[in-house]
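Open the viewer and follow the stops below in order. Each one says what to select and what is there.

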Amino acid sequence: MNRISNTFLFNKDITAVEMLPGITRKTLSYCESMMVCEVRLAKGAVLPSHHHIHQQSSNIISGSVRYTVGDREEVVCAGDSVMIDADVPHAVVALEDTLVIDVFSPMRPEYL
């Protein structure tokens with residue numbers, strides 16, 4: 001991952017990583033206790049149910065997705081957020097092309 005500065009990080013300098021078909025991620029910034037990622041989902045893309053030790057806040061910038069968190073399912077759109085506690089199963093289906101900013105605590109070393 002290209003890093004020019006630890007203070008100023010420029011999206012244009014960060015290479016997107018394909019997570020799954022139709023889903024890409026850029027790790028925008030991070031420190032030991034927090035990580036910020038840009039996730040782009042193409043309409044119809046599916047992020048299967050999974051869980052991790054990190055707390056996660058997903059902030060929908062544009063588009064809409066169907067989020068399942070635990071036993072609850074909701075459609076979230078631009079301006080909405082989802083807060084996910086550690087180890088809670090969650091899944092996403094993109095209802096349209098969508099841009100999400102995810103914040104993880106602590107940071108996810110596998111995303112570096």
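Select glutamate 73 in this predicted model. Its relative accessibility is 49%, so glutamate 73 counts as partly exposed; the exposed class begins over 50%. Now add arginine 66. The two side chains meet in a salt bridge, 3.7 Å from N to O. Arginine 66 is partly exposed as well, with a relative accessible area of 29%.

Step along to glutamate 74. What does glutamate 74 form with arginine 72? A salt bridge, with the closest N and O atoms 3.0 Å apart. Colour this pair by accessibility. Glutamate 74 stands at 38% and is therefore partly exposed. Arginine 72 reaches 57%, so arginine 72 counts as exposed.

Next, select lysine 12 and aspartate 13. Their side chains meet in a salt bridge, at 3.3 Å from N to O. Is lysine 12 buried or exposed? Exposed, because its relative accessibility is 70%. Aspartate 13 has 21% and counts as partly exposed. The cut-off matters here: buried means under 20%, so aspartate 13 at 21% falls in the partly exposed class.

Side chains of opposite charge can pair when their charged atoms come close. How many salt bridges does a search of the whole structure find? Five; the pairs visited on this tour include lysine 12 with aspartate 13.

Stay with charge, but widen the selection. Pick the charged side chains of the protein chain: 9 are positive and 14 are negative. The mean positions of these two sets lie 7 Å apart.

Switch to cartoon. The protein chain shows 10 strands and zero helices. Trace the sequence from its start, and the pattern reads β-β-β-β-β-β-β-β-β-β. The radius of gyration is 14 Å, close to the 13 Å that the globule rule gives for 112 residues, so the protein chain is as compact as a globular protein of that length. Draw a box along the principal axes. The C-alpha atoms fill roughly 40 × 25 × 25 Å.

Turn on contacts. Take those between residues at least 6 apart in sequence: 63% of them join residues at least 24 apart.

Finish with the surface. The accessible surface of the protein chain comes to about 6500 Å². Carbon and sulfur atoms account for 55% of that area. Then hide the surface and select the buried residues. They make up 35% of the 112 residues in the protein chain.

Conventions. Residues numbered from 1 in each chain as written. Predicted model: local features only at pLDDT ≥ 70, side-chain atom pairs only at ≥ 80, totals over all residues. Heavy atoms only, no water. Helix = DSSP H or I, 4+ residues; strand = E, 2+ residues; numbered from the N terminus. Rg over C-alpha atoms; globule rule 2.2 N^0.38 Å. Buried < 20%, exposed > 50% of the residue type's maximum accessible area, 1.4 Å probe, protein only. Contact = heavy atoms within 4.5 Å. Areas by Shrake-Rupley, 256 points an atom, 1.4 Å probe, with all protein chains shown as cover. Lys, Arg positive; Asp, Glu negative; His and termini not counted. Charge placed at Lys NZ, Arg CZ, Asp CG, Glu CD. Salt bridge = Lys/Arg side-chain N within 4 Å of Asp/Glu carboxyl O.
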